[in-house]
Amino acid sequence: MRSAGVLLPVASLPSNYGIGCFSKEAYKFIDQLKAAKQKYWQILPLGPTSFGDSPYQAFSTFAGNPYFIDLETLIEEGLLNKEECEECDFGDDLRYIDYEKIYESRFGILWQAFENFDKGNSDFIAYKEENQEWLEDYALFMAVKDSNEGLEWTKWEEDISERNPEAIEKYKEELIDDVEFYKFIQYEFYIQWMKLKRYANENGIQIIGDIPIYVAFDSADCWASSELFQFDSDNRPVAVAGCPPDAFAATGQLWGNPLYNWEYHKSTGYAWWKKRVAYSFKLYDVVRIDHFRGFDEYYSIPFGDKTAENGHWEKGPGIDLFHALTEEFGELNIIAEDLGYLTDSVKQLVSDTGYPGMKIMQFAFDSREESNYLPHTYEKNCVVYTGTHDNDNVQGWYDSISKADRDYMKEYLHTSTKRANIHFDLIRACLASVADTAIIPIQDYLGLGSEARINIPSTLGTNWRWRLFTGEIDDKLIQKMAKMTEVYERD
């Protein structure tokens, strides 16, 4: 069935207190998607972000971001009062998130809510029991991390860094309130998110979640389950993840994430992956897996290298992992992020899984990209985007490409549109294509430029910050979205 949706990170929603969250504005956005005849809301990973504020570098694979807890809901529940929230400085720029101020204010106000919370709440107790397997490690990890002024876990005292059982018990006792606080945060996150997701589903909107293929080194996952990764006897990575040099990055991309010990995962029947996928499908209706090609082959860079130039390719688990997942869960609603240079074996893996891959309309008309993403080459089983969170918005992209590329695009699309409306030409091409699903970033529907870009890969400091203004999605735009969706039979 042909369908359409919108890409918008939760953090980019308009709301009070400095950052988008599970607030009334999120519910309003769902209402707008319904009115615009959309079926999907695609978001970015919901994990608790670490240095750099990237949702792809989280302190846990399973935990949720405390920034997304709606403080107004906590006020309604009597855990906070409005004055307490308004006394905090969350930043006063409605367009761009000030993460430093959010970090300095958010945890203090959540502590106040925790102090007013009934720790004997039966729902809270049930949540802790149900999620004990990952929650215990995560809450202790964060509590110990706080007691060490945020230091990476390898720099803690050796007894707790190496998870000596006596040290685990000692820190649990010494930091009992802190540990319970982090469990409370996860409870509130889960309750608020699941309520929002239910509202979306009841209104015909499905959530496309996004999970990174890798986990961050400074995470509860690596601290608690070092056997999952390519670590040496001192719990240091042997090699880390990234991408090789190309036309866009002369020294490659050094992500720094630890690589998986795939032999170990296979020996357990991929037990950790099964847990991860099962939990992901509790949170989302569809799961997009980032850097899908890493399951076929992954780029291994020696730990300690300053660039990705000396890396090499290693074989991943391939179809074996996905056979195990299918045996466990049946057919899964997964989107394979298969962008970039694809070998024949990567293409075969995506084909063998049956998962839809991704197409980026910008790439079709940009001669700097080697891959061919022209719409007439698409198969139905794919998801087409004008661009993703890693691309410039259409208006900014259009300014960056050559005149020859612009002329070719206009000839191909048979349009004489001037720059001001070029975003709708690319949106129309996406919606008109044979792709079963078309997802459009809200910035492109709004015709915004580079100032509204979400992320510039391999950079720090200005990413993940952009937000919608209240009222920026107006009735006129909603009607236009609905009409275009109807015209191309995506309702």
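**Exercise 1.** Determine which residues of α18 meet α20 in this predicted model.

*Solution.* Step 1: F424, I427, R428 and L431 of α18 meet L477, K480 and M484 of α20, contact meaning heavy atoms within 4.5 Å. Helices (H or I, at least four residues) and strands (E, at least two) are DSSP runs numbered from the N terminus.
Step 2: By class, this contact holds five nonpolar, no polar and two charged residues; Ala, Val, Leu, Ile, Met, Phe, Trp, Tyr, Cys and Pro count as nonpolar, Asp, Glu, Lys and Arg as charged, and the others, Gly among them, as polar.
Step 3: The axes of α18 (residues 422-432) and α20 (residues 475-487) come within 11 Å and cross at roughly 35°. Axes are lines fitted to C-alpha atoms, for helices over the stretch in contact, with angles from 0 to 180 degrees between N-to-C directions.

Residues are numbered from 1 along each chain as its sequence is written. In this predicted model, local features need pLDDT of at least 70 and side-chain atom pairs pLDDT 80 or more, totals for chains, interfaces and linings use all residues, and side-chain values use heavy atoms, without hydrogens and water.

**Exercise 2.** Establish the strand order of the open sheet and explain its edges.

*Solution.* Step 1: The order of the eight strands is β9-β6-β3-β2-β1-β12-β11-β10, with parallel pairing; strands pair if DSSP finds at least two bridges between them.
Step 2: β9 (334-336) and β10 (357-360) each have a single partner strand, so one side of each lacks a neighbour in the sheet.
Step 3: Three bridges join β2 (residues 40-42) to β3 (residues 206-211); Y40 has Q206 as its bridge partner in β3.
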